[in-house]
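User: Hi! I would like a close look at one part of this model, with its surroundings worked through step by step.

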Amino acid sequence: MATTVLFPTTRGPGDVATAPQSSRQFMARVKAALRSIGMPAAELAGITGHSLRAGAATDYLEMDLPESFVHTQCGWAGESLRIYHRPQ
């Protein structure tokens with residue numbers, strides 16, 4: 001069982017907490033990274049936590065991972081995750 005937090009809260013370089021980032025903190029960092037690589041503001045405005053969950057569900061389902069895994073990793077309940085199977 002993992003004992004480290006995947007996306008920990010940071011207070012500065014080398015100062016990492018054991019608590020996970022809040023959803024708000026995580027999305028702020030994702031948007032800052034996307035902004036830094038030049039994503040246009042209009043596209044950036046459409047990026048949400050839901051976008052990431054839907055994309056992850058699509059990727060996991062494309063890898064033929066069990067739906068139970070996708071439910072756990074992406075926080076989906078019930079059959080609704082199947083609508084996010086959008087192969088490219």
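In which helix is Thr-58 found? Please take that part as the centre and tell me what surrounds it.

Analyst: Happy to. Please keep in mind that this is a predicted model. Thr-58 is found in helix α3, which covers residues 49–62.

Let us begin with the residue you named. Thr-58 has a relative accessible area of 11%, and since buried means under 20%, Thr-58 is buried. Leaving aside its neighbours within four places in sequence, Thr-58 is in contact with Tyr-84, His-85, Arg-86 and Pro-87.

Next comes the helix partner. Helix α3 packs with helix α4, residues 67–74, at an angle of about 160°, and the two axes are 10 Å apart. Angles over 145 degrees count as roughly antiparallel, so α3 and α4 are roughly antiparallel to each other. Their crossing is right-handed.

Which residues make this contact? From α3 come Arg-53, Ala-56, Ala-57, Tyr-60 and Leu-61, and these meet Glu-67, Phe-69, Val-70, Gln-73 and Cys-74 in α4. By character, the residues of the contact divide into seven nonpolar, one polar and two charged.

Some of those names return in the core. The largest nonpolar core has eight residues in all: Ala-54, Ala-57, Leu-61, Val-70, Cys-74, Trp-76, Leu-81 and Tyr-84. Helices α3 and α4 each supply at least two residues of this core, and α3 gives the most, with three residues. As background, in soluble globular proteins nonpolar side chains tend to be buried together. Tyr-84 deserves a second glance here, as it belongs to this core and is also one of the contacts of Thr-58.

Two leucines of the core can be followed in more detail. Leu-61, not counting neighbours within four places in sequence, is in contact with Glu-67, Val-70, Leu-81 and His-85. Among these, Glu-67 and Val-70 are also α4 residues in the helix contact, while His-85 is also a contact of Thr-58. Leu-81 sits in the segment after α4. With a relative accessibility of 0%, Leu-81 counts as buried. Beyond its neighbours within four places in sequence, Leu-81 is in contact with Leu-61, Glu-67, Val-70, His-71 and Trp-76. Of those partners, Leu-61, Val-70 and Trp-76 are listed with Leu-81 in the core. For a long-range distance, Leu-81 and Val-30 are 51 residues apart in sequence and 23 Å apart in space, C-alpha to C-alpha.

Between the two helices lies a loop, and Asp-64 is found there. Asp-64 has a positive phi of about 60° although it is not a glycine. At 68% relative accessibility, Asp-64 counts as exposed, whereas Thr-58 in α3 is buried.

Stepping back along the chain gives some further points of reference. Met-39 is found in the loop between α1, residues 23–36, and α2. Its relative accessible area is 23%, and Met-39 is partly exposed. Not counting residues up to four places away in sequence, Met-39 touches Leu-34, Leu-44 and Ile-47. Ala-41 is found in helix α2, residues 41–44, and counts as exposed at 60% relative accessibility. Ala-41 and Phe-7 are 34 residues apart in sequence, with 25 Å between them in space, C-alpha to C-alpha.

Finally, here is another threonine to set beside yours. Thr-18 lies in strand β2, residues 15–20, and is exposed, with a relative accessible area of 74%. The C-alpha atoms of Thr-18 and Pro-8 are separated by 6.1 Å, and these residues are 10 apart along the chain.

To draw this together around your starting point: Thr-58 is a buried residue of α3. Helix α3 packs with α4, in a roughly antiparallel arrangement, and gives the most to the largest nonpolar core.

Methods: Residues numbered from 1 in each chain as written. Predicted model: local features only at pLDDT ≥ 70, side-chain atom pairs only at ≥ 80, totals over all residues. Heavy atoms only, no water. Axes fitted to C-alpha atoms, helices over the stretch in contact; angles between N-to-C directions. Helix = DSSP H or I, 4+ residues; strand = E, 2+ residues; numbered from the N terminus. Parallel < 35°, antiparallel > 145°, perpendicular 65-115°, else oblique. Left-handed = near helix turned anticlockwise from the far one by under 90°. Contact = heavy atoms within 4.5 Å. Nonpolar A, V, L, I, M, F, W, Y, C, P; charged D, E, K, R; others polar. Buried < 20%, exposed > 50% of the residue type's maximum accessible area, 1.4 Å probe, protein only. Core = buried A, V, L, I, M, F, W, Y, C linked by side-chain atoms within 4.5 Å.
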